Amino acid sequence: MERLEGRHAAVVDIARYFEYEHLPNRLRAVSKAVHDLAQDMIDHLPDCPMLTRGLGSLLSAKDSFVRAALDAPAADGD
């Protein structure tokens, strides 16, 4: 993730789980969409327990979305 300098350690710690570059293409697209939302929330909200909680909930949702993408039929080239 980008733009984490000066952020609370809890935000920095959870942000790393939104990385997506290491994933195969068919999973990368799903994960990137969630990464972008997480980055937007980090960019626009102050460090606070609710931001950390929201990022945790978003991370849980991302994991579910990526698992759903694993079950989806693979497109050619994936």
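Which side chains meet in a salt bridge at 2.6 Å, N to O? In this predicted model, the partners are aspartate 36 and lysine 32. Both belong to helix α2, and because they are 4 residues apart there, about one helical turn separates them. The spacing fits a simple rule of helices: an α-helix has 3.6 residues a turn, so residues three or four places apart point the same way. Neither partner is hidden from the surroundings or fully open to them: aspartate 36 is partly exposed, with a relative accessible area of 34%, and lysine 32 is also partly exposed, at 33%.

The helix that carries this pair deserves a closer look. Helix α2 covers residues 25–44. Its 20 residues reach 28 Å from the first C-alpha to the last, which is close to the 28 Å expected at 1.5 Å a residue. Several of its residues are buried, namely Leu27, Ser31, Val34, His35, Ala38, Gln39 and Ile42. What do these buried residues pack against? Their neighbours are the helices α1 and α3.

Serine 31 offers a good example of such a residue. With a relative accessibility of 0%, serine 31 counts as buried, because the cut-off for that class is under 20%. Apart from neighbours within four places in sequence, the contacts of serine 31 are Phe18, Glu19, Tyr20, Leu23, Lys62 and Val66. Two of the residues touched by serine 31, Lys62 and Val66, also appear on the α3 side of the meeting between α2 and α3.

How, then, are α2 and α3 arranged? Their axes lie 9 Å apart and the helices pack at an angle of about 170°. The two helices are therefore roughly antiparallel to each other, since an angle over 145 degrees falls in that class. On the α2 side, the residues involved are Arg26, Leu27, Val30, Ser31, Val34, Leu37, Ala38, Met41 and Ile42. From α3 they meet Leu51, Leu55, Leu58, Lys62, Phe65, Val66, Ala69 and Leu70. Sorted by class, this contact has 14 nonpolar, 1 polar and 2 charged residues.

Salt bridges also occur beyond the pair within α2. How many are there in the whole structure? A search finds 6. One of them joins aspartate 47 and arginine 7, with 2.5 Å from N to O. This pair links distant parts of the chain, since the partners are 40 residues apart: aspartate 47 sits in the loop between α2 and α3 (49–71), while arginine 7 sits in the segment before α1 (9–15). Is each partner buried or partly exposed? Aspartate 47 is partly exposed, with a relative accessible area of 31%, whereas arginine 7 counts as buried at 19%.

Another salt bridge involves arginine 3, which is found in the segment before α1. Arginine 3 pairs with glutamate 2, and their closest N and O atoms are 2.8 Å apart. The connection goes further, as Glu2, Arg3 and Asp43 are linked in a network of salt bridges. Arginine 3 counts as partly exposed, at 48% relative accessibility. The backbone of arginine 3 has a feature of its own to note: phi is near 55°, a positive value in a residue other than glycine.

Methods:
Residues numbered from 1 in each chain as written. Predicted model: local features only at pLDDT ≥ 70, side-chain atom pairs only at ≥ 80, totals over all residues. Heavy atoms only, no water. Buried < 20%, exposed > 50% of the residue type's maximum accessible area, 1.4 Å probe, protein only. Contact = heavy atoms within 4.5 Å. Salt bridge = Lys/Arg side-chain N within 4 Å of Asp/Glu carboxyl O. Expected span 1.5 Å × (residues − 1). Axes fitted to C-alpha atoms, helices over the stretch in contact; angles between N-to-C directions. Parallel < 35°, antiparallel > 145°, perpendicular 65-115°, else oblique. Nonpolar A, V, L, I, M, F, W, Y, C, P; charged D, E, K, R; others polar.
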